[in-house]
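Colleague: Take me through this model the way you'd read it yourself. I'd like the general idea for each feature, and then the case at hand.

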Amino acid sequence: MTLITLVRHGQTDWNLARRIQGSTDIPLNETGRSDALAAAALLRSETHHVMYASPLIRAHETARIIASELGLTDPTITHGMRERDFGEGEGLLVQEYLERFTDWHGAPSGAETLDTVRDRALTALETIARESRRRSAPAAESVIVVTHGGVIRALLHHASGGTLPCEGDVLRNGSAYRFELAPGLLRLLEPVSI
């Protein structure tokens, strides 16, 4: 069993403007760096062994800040935890996106479906758990993964049997969610903050 804490990256200018980022590589802004420091302060009360991060700069920078604050080594990049590719929806304002595509479950041309994101992320988490157990002495029992709102949303939906997050719930930048991962099981333990 591995404890996985998923952290949403800090704010970017596109988050602030409510613009769909997806796989577009937008950096953190100053508020985003503060979000990362706040997440580290929140996570400090628990012991964590290793860090992983999406390859997108907003997640990777958030993870580096948290790792530095917690005294962990630099995060390992994991491509499976990158944000959903929104295809032609990327760059649109949220309101424009919803007017054009009706809801988040639709898949604009070139976009990944939520099921694809969930499956990709679950596979990545299983790999992370295996790798962290193998490379850490003692075996890593608590792993932080800095990722994206769409990925966390897909995993919350999966782990809760479709009851979370509720329609309209906002997953704040820098928020954290703790899961238990075992073969064939992803169980939500608690939201550290929402």
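Colleague: How many residues apart in helix α4 are Tyr97 and Phe101?

Modeller: An α-helix has 3.6 residues a turn, so residues three or four places apart point the same way. Tyr97 and Phe101 sit four residues apart in helix α4, which means about one helical turn separates them. Before we go on: this is a predicted model, where local features need pLDDT of at least 70, side-chain atom pairs count only at pLDDT 80 or more, and totals for chains, interfaces and linings use all residues. Residues are numbered from 1 along each chain as its sequence is written, and side-chain values use heavy atoms, with hydrogens and water left out.

Colleague: How many aromatic pairs are there?

Modeller: Phe, Tyr and Trp rings (the six-membered one for Trp) pair if their centres lie within 6.5 Å; planes under 30 degrees apart are stacked, over 60 edge-to-face, the rest tilted. That rule gives two pairs here. Phe86 and Tyr97 have ring centres 5.7 Å apart and planes at 85°, so they are edge-to-face. Phe86 belongs to the loop between β3 and α4 (94-101), 11 residues from Tyr97 in helix α4. The second pair, Tyr97 with Phe101, is tilted, at 5.0 Å centre to centre and 50° between the planes. Phe86, Tyr97 and Phe101 make one aromatic cluster.

Colleague: Are Phe86 and Tyr97 buried or exposed?

Modeller: Buried means under 20% relative accessible area, exposed over 50%, and partly exposed in between (1.4 Å probe, protein chains only). Phe86 and Tyr97 are both buried, and Phe101 is buried too. For contrast, Ala38 in helix α2 is partly exposed at 48%. Asn15, in helix α1 (residues 13-17), is buried at 16%. Contact means heavy atoms within 4.5 Å, and Asn15 has contacts with Arg8, His9, Gly10, Gln21 and Asn173, leaving aside neighbours within four places in sequence.

Colleague: What pattern do the helices and strands follow along the sequence?

Modeller: Both are DSSP runs numbered from the N terminus: helices are H or I with at least four residues, strands E with at least two. There are six helices and six strands, in the order β-α-α-β-α-β-α-α-β-α-β-β. The radius of gyration (over C-alpha atoms) is 16 Å, close to the 16 Å from the globule rule (2.2 Å times the number of residues to the power 0.38), so with its 194 residues the protein is as compact as a globular protein of that length.

Colleague: Which residues touch the most other members of the largest nonpolar core?

Modeller: Such a core is a set of buried Ala, Val, Leu, Ile, Met, Phe, Trp, Tyr and Cys residues joined through side-chain atoms within 4.5 Å. This one has 24 residues, and Ile4, Leu6, Met81, Leu125, Val145 and Leu155 touch the most other members. Helix α5 gives the largest share, seven residues. Apart from this core there is another, of 14 residues, including Ala40, Met51, Ile144 and Val146.

Colleague: And what covers the buried residues of α3?

Modeller: The cover includes β1 (2-8), α2 (30-43), β2 (50-53), β3 (76-77) and β4 (142-147). Among the buried residues of α3 are Ala59, His60, Ile65 and Ile66. Helix α3 (residues 57-70) reaches 20 Å from first C-alpha to last over 14 residues, close to the expected 20 Å (1.5 Å times one less than its number of residues). Just after α3 comes Gly71, with a positive phi near 75°.
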